[in-house]
Amino acid sequence: MYAWWSLHQIMASKDVHTETSEEFSGLINKALSSGFLCVGLAVGSATGLFEAMARLGEPKTSNEIAREAHKKERYVREWLAAMVTGNIVNYDPDEETYFLPPSRLQVLVPGKSANNVCNMLKMLPAICEGYSDVLECMEPDGPRGVPETSFTSFHRVVNDIASARFANGLPYFLRNMDDIIAQLESGITVCDMGCGKGTAVLEMAKAFPKSTFCGFDISQAAVLEAQKTAEGLSLVNLSYHCYDASKTPADWANKFNLVFSFDALHDQARPDLALKECFRILKDGGYLIIVEVDSHSKLKDNLDNPAALEMYTCSLMHCMPVSLYHEGGLGYGTMWGMEELISLVENAKLTCERHYKAKGISDRVFVCRKIQK
């Protein structure tokens, strides 16, 4: 996922006092080429072209690939040219055929990728939908932030990432939590705060039919799509609602045994108020499980984090301006870090019992509880 990391290491090892402009220009040109390549990779992932080449399984012409993918040949041919010159797709100039080696299918085809590269590629164009808006926000007299509605595909990409992570039913952040799993199996009330299109809580509702689940999000469009998906599956133990995380219904007090937030707390305008709301709606002894990007609160402590560039850029282009858009929004951003998060948890009178880095991905899981003193 972190193809830029070797370039970062090269740049970090350079002595800025002896580095020439030509050397730096060469490194930037490599970074620029990688950026253009990633756009092409994102197109291949979003359009199913990589999947089509996987199904074909052997060298094929642009016409054959276009037919298999149900796409226009002229556009497919231009995309293939970008992939060939980017050294992703093999090309036979005599036969004019194209082939994607099996080793690359394992990375680029949804369902085969172990580290979710194909979905993260689609994040690039998704976060750039608000590019012009973010530039305006940076001006001294510009707007505070960017509304979520400016990002038409962001929730879809996040949902694809969630779907890949929860493909095996049990969410990874519940593994090794035998006490919580036992409660879910016997039947408890569960809430997903900032559910987006609802994939995480939907998978849990399917896995634990004796428990009752609800998800809520401030995006009405995301909630409507989540409701439609749930209705199609006839799940009677799941509901979705459109609420602000800092202002849930009054009758939710002491209602839930478990509340969780999957990569959503940092997007809230007021995470501090959202956590206080979690305390209010949790039953005494109830659990709050927070999943956030594994990071520290100070830049100096993230310099060796291979996910840092991606996450700071996602923060700049989406998460921070979306939070700042709301009056009073704190704009913590994606990389607000474990130290700040734990401080807010404690200020909300919750107890962070433990936290750990999720295996194989760039998330950290925080297990918190409401314990009345």
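**Fold-wide contacts and threonine 248**

Q: What share of the contacts in the protein between residues at least 6 apart in sequence join residues at least 24 apart?
A: In this predicted model, 68% of those contacts join residues at least 24 apart, where a contact requires heavy atoms within 4.5 Å.

Q: What makes the protein, with its 15 helices and 9 strands, as compact as a globular protein of that length?
A: For 373 residues the globule rule gives 21 Å, and the radius of gyration of the protein is 22 Å, which is close to that value, so the protein is as compact as a globular protein of that length. Along the principal axes, its C-alpha atoms fill a box of roughly 75 × 55 × 40 Å.

Q: Why is threonine 248 called buried?
A: Residues under 20% relative accessible area count as buried, and threonine 248 has 10% relative accessibility, so threonine 248 is buried. Buried residues make up 47% of the 373 residues in the protein.

Q: Where in the chain is threonine 248 placed?
A: Threonine 248 lies in the loop that runs between strand 5 (238-242) and strand 6 (256-262).

Q: How do you know that the side chain of threonine 248 makes a polar contact with the side chain of glutamate 277, and what is the distance to the side chain of arginine 280?
A: A polar contact calls for a suitable pair of N or O atoms within 3.5 Å; the pair with the side chain of glutamate 277 is at 2.5 Å, and the pair with the side chain of arginine 280 is at 3.1 Å. Leaving aside neighbours within four places in sequence, threonine 248 is in contact with Phe216, Glu277, Arg280 and Ile281.

Methods
Residues are numbered from 1 along each chain as its sequence is written. This is a predicted model: local features need pLDDT of at least 70, side-chain atom pairs count only at pLDDT 80 or more; totals for chains, interfaces and linings use all residues. Side-chain values use heavy atoms; hydrogens and water are left out. The radius of gyration is taken over C-alpha atoms; the globule rule is 2.2 Å times the number of residues to the power 0.38. Buried means under 20% relative accessible area, exposed over 50%, partly exposed in between (1.4 Å probe, protein chains only). Helices (H or I, at least four residues) and strands (E, at least two) are DSSP runs, numbered from the N terminus. A polar contact is a pair of N or O atoms within 3.5 Å; within protein, one must be able to donate a hydrogen and the other to accept it, and residues adjacent in sequence count only if both atoms are side-chain atoms.
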